[in-house]
Amino acid sequence: MSKALRMAQLRRAVQLLLNSVEDEETLQEVATVAPAYAVGREYRAGEVFSWGLNSVGDPQLWRVLQKHTSAEVWAPDQSPSLYKAIGLQGGYPIWAPPTMAEDAYNTGDRCAHLGKVWESLIDGNSTEPGSDDRWWREVG
């Protein structure tokens, strides 16, 4: 078996393992190995891929939220029901719209959004940071 083939197989094995990693900091350490997003591909919930760049110029990682076949009109940054941006921005998780009560933001939770850090003022917060001063406070 050639070295190139062994390396391709190793890369694919690491890509498959990415789907089982929950810790976003760990994922960022291996972001360059993540497979690139592709239109017309069938995605399963939980898969991780890269698309675009994050705030520090590294590949932006995304997690698939529900099974589907990707389409040009469903870009990852425009389809919060299909994809969740993962990773850190300035040490804080990047805001993603909650898909259910279990992943809504609670009082004191902080996230990065639109280049700012926000703190939730309520439990069960599913609103976009900066959209209403009753629900979010800009910090730092």
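This passage describes the nonpolar cores, the strand pairing around β3 and the surroundings of S120 in a predicted model.

It is convenient to begin with the nonpolar residues. The largest nonpolar core has nine residues, namely Y37, Y43, F49, W62, V64, L82, Y83, A85 and I94. Two strands, β3 (59-64) and β5 (83-86), each contribute at least two residues to this core. Seven residues make up a second, separate core, among them L27, A31, L61 and I86. Such groupings fit a familiar pattern: in soluble globular proteins, nonpolar side chains tend to be buried together. Within the largest core, A85 offers a helpful close-up. Beyond residues up to four places away in sequence, A85 touches Q60, L61, W62, I94 and A96.

Strand β3 deserves a closer look. Six of its six residues are buried, and both faces of the strand are covered. On one side lie P59, L61 and R63, while Q60, W62 and V64 lie on the other. The strand has two antiparallel pairings to consider. With β2 (residues 48-53), β3 pairs over four bridges, and here F49 of β2 stands opposite W62. Both F49 and W62 belong to the largest core. With β5, β3 again pairs in the antiparallel sense over four bridges, and the bridge partner of L61 in β5 is I86. L61 and I86 are both included in the second core.

Attention now turns to another sheet. Strands β8, β9 and β10 form an open, antiparallel sheet in the order β8-β9-β10. Its edge strands, β8 (110-113) and β10 (136-139), each pair on one side only. On average, neighbouring strands of this sheet are turned by 40 degrees against each other, direction ignored. Four bridges join β9 to β10 in an antiparallel arrangement, with E119 opposite R137 of β10.

S120 lies in strand β9, which spans residues 116-120. How is this serine placed, buried or exposed? The relative accessible area of S120 is 0%, and because buried means under 20%, S120 counts as buried. Polar partners are nonetheless found for the S120 side chain. One of its polar atoms lies 2.7 Å from the backbone oxygen of I122, and the side chain also makes a polar contact with the side chain of N125 at 3.2 Å. Leaving aside neighbours within four places in sequence, S120 is in contact with Y105, N106, T107, G108, D109, N125, W135 and W136. N125 thus appears both in this contact list and as a polar partner of the S120 side chain.

Key:
Residues are numbered from 1 along each chain as its sequence is written. This is a predicted model: local features need pLDDT of at least 70, side-chain atom pairs count only at pLDDT 80 or more; totals for chains, interfaces and linings use all residues. Side-chain values use heavy atoms; hydrogens and water are left out. A nonpolar core is a set of buried Ala, Val, Leu, Ile, Met, Phe, Trp, Tyr and Cys residues joined through side-chain atoms within 4.5 Å. Buried means under 20% relative accessible area, exposed over 50%, partly exposed in between (1.4 Å probe, protein chains only). Contact means heavy atoms within 4.5 Å. A polar contact is a pair of N or O atoms within 3.5 Å; within protein, one must be able to donate a hydrogen and the other to accept it, and residues adjacent in sequence count only if both atoms are side-chain atoms. Two strands pair if DSSP finds at least two bridges between them. Axes are lines fitted to C-alpha atoms, for helices over the stretch in contact, and angles run from 0 to 180 degrees between N-to-C directions.
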